[in-house]
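Please review the structure displayed here together with its sequence. The briefing is arranged by topic for use in computational work.

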Amino acid sequence: SKGLNYYPVPDFYLVDKGTESGEWKVGVVFGAGKDLDNREQYAITPVMAINDAARKALAAAAGTGLEQLPEGVFTSPQLVTRVYTVVRRAYTVINEVRVVYSALDEKSTNFDLWAMRLDGSDPIRLTDTTNVNEKYPNLSPDGTRIAFVSGQYRDKVGGPQDYSLWIMNSDGSNRVNIAQDPDLIYDHPVWSPDGKTLAYNTAPADAFVKGALARWSIYLYDLAAERVIRLDTGLTYSRHPAWTLDGKALFFSAYNLETDTLGIYQISLESQEVRRVYDENGNEIQPVVSPDGKRLLFLDYDTRELYALDL
């Protein structure tokens, strides 16, 4: 990590005499805390020391580094058939509870993603992209990744945008595009409880065509298989998916022809069966499942009031 020198780690695995093969593990601790103020990159070379003197020479150089390996230390072709590279940079948003959100600051012309403490202090910018709006962030269950929607202006700020769906590390690094279609708007990605699947919305990109936004649909993205699946709810304006705690079904909002309003529904991912959960005179949207799975939070679009419902 510091030029081309070798910096040995103090840990080693002692192989017993006569051992012909085996799985050997060495625990390595890299920089932490203030050591991670800057980006670090390590090219890792596994080596063998054939005697105590060689091993002591490695240990003695852990802090100072070596320009070349000492006598009695060699690499084995069986060990270096792969290139081992570790790239690290400081994570600034984990190790404490934070809110991840989208915001427009006074110095910017587009929305970026931020993280702040629950009291609103210490806002940290996670993205800083010119003429691109990042919105609808959703944190993975393990806290390491964020799914979000990106909208890039085609010609000028405030004009038409090309939308796409992305995943990045929770510190803002390693952005990966997983879905992009110039004819579609992307919206509201949410992680499944096991972190293996994303549910999200799409609608035709031309929002000014009458009825275009009523054609919202729900899609699933299998991260391992990199496969997209469209859920056929049989309803109009299917939007705002929310996973059940077991990951076997989704709540969502959709249009009800009988009441002429939006209501909350549930679809089973296995049977594709759809059932009505709640629909009154108002337009109920944006369902969210409580952490214990027993309640549902939703927004009344007309009154802008929040309601909680026992499931």
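The points below concern a pocket, a surface patch and two individual residues.

This is a predicted model. The second largest pocket holds about 740 Å³ of space, and a nonpolar surface patch covers about 460 Å².

**Second largest pocket**

- The pocket of about 740 Å³ is lined by 27 residues, of which N138, L139, V190, V288 and V289 are the closest to its centre.
- Two or more lining residues come from each of the elements β5 (98-103), β8 (132-139), β12 (184-191), β16 (236-243), β20 (284-289) and β21 (295-300).
- Strand β20 makes the greatest contribution to this lining, with 4 residues.
- By class, the lining comprises 20 nonpolar, 6 polar and 1 charged residues.

**Nonpolar surface patch**

- The patch of about 460 Å² is formed by V9, Y13, V15, W24, V26 and V28.
- Y13, one of these patch residues, is located in the segment before β1 (40-44).
- The relative accessible area of Y13 is 42%, so this residue is classed as partly exposed.

**Residue L231**

- L231 belongs to strand β15, which spans residues 227-231.
- L231 counts as buried because its relative accessibility is 4%, and the cut-off for buried residues is under 20%.
- The C-alpha atoms of L231 and Q272 are separated by 7.8 Å, although the two residues are 41 residues apart along the chain.

Note on methods
Residues numbered from 1 in each chain as written. Predicted model: local features only at pLDDT ≥ 70, side-chain atom pairs only at ≥ 80, totals over all residues. Heavy atoms only, no water. 1 Å grid on protein atoms, 1.4 Å probe; cavity = no way out; pocket = protein on both sides within 12 Å on 5 of 7 lines; lining within 4 Å. Points joined across faces, edges and corners; volume = space filled by probe spheres on them. Nonpolar A, V, L, I, M, F, W, Y, C, P; charged D, E, K, R; others polar. Patch = residues over 30% accessible without salt bridge, like charges linked within 9 Å, V, L, I, M, F, W, Y side chains within 5 Å. Areas by Shrake-Rupley, 256 points an atom, 1.4 Å probe, with all protein chains shown as cover. Salt bridge = Lys/Arg side-chain N within 4 Å of Asp/Glu carboxyl O. Buried < 20%, exposed > 50% of the residue type's maximum accessible area, 1.4 Å probe, protein only.
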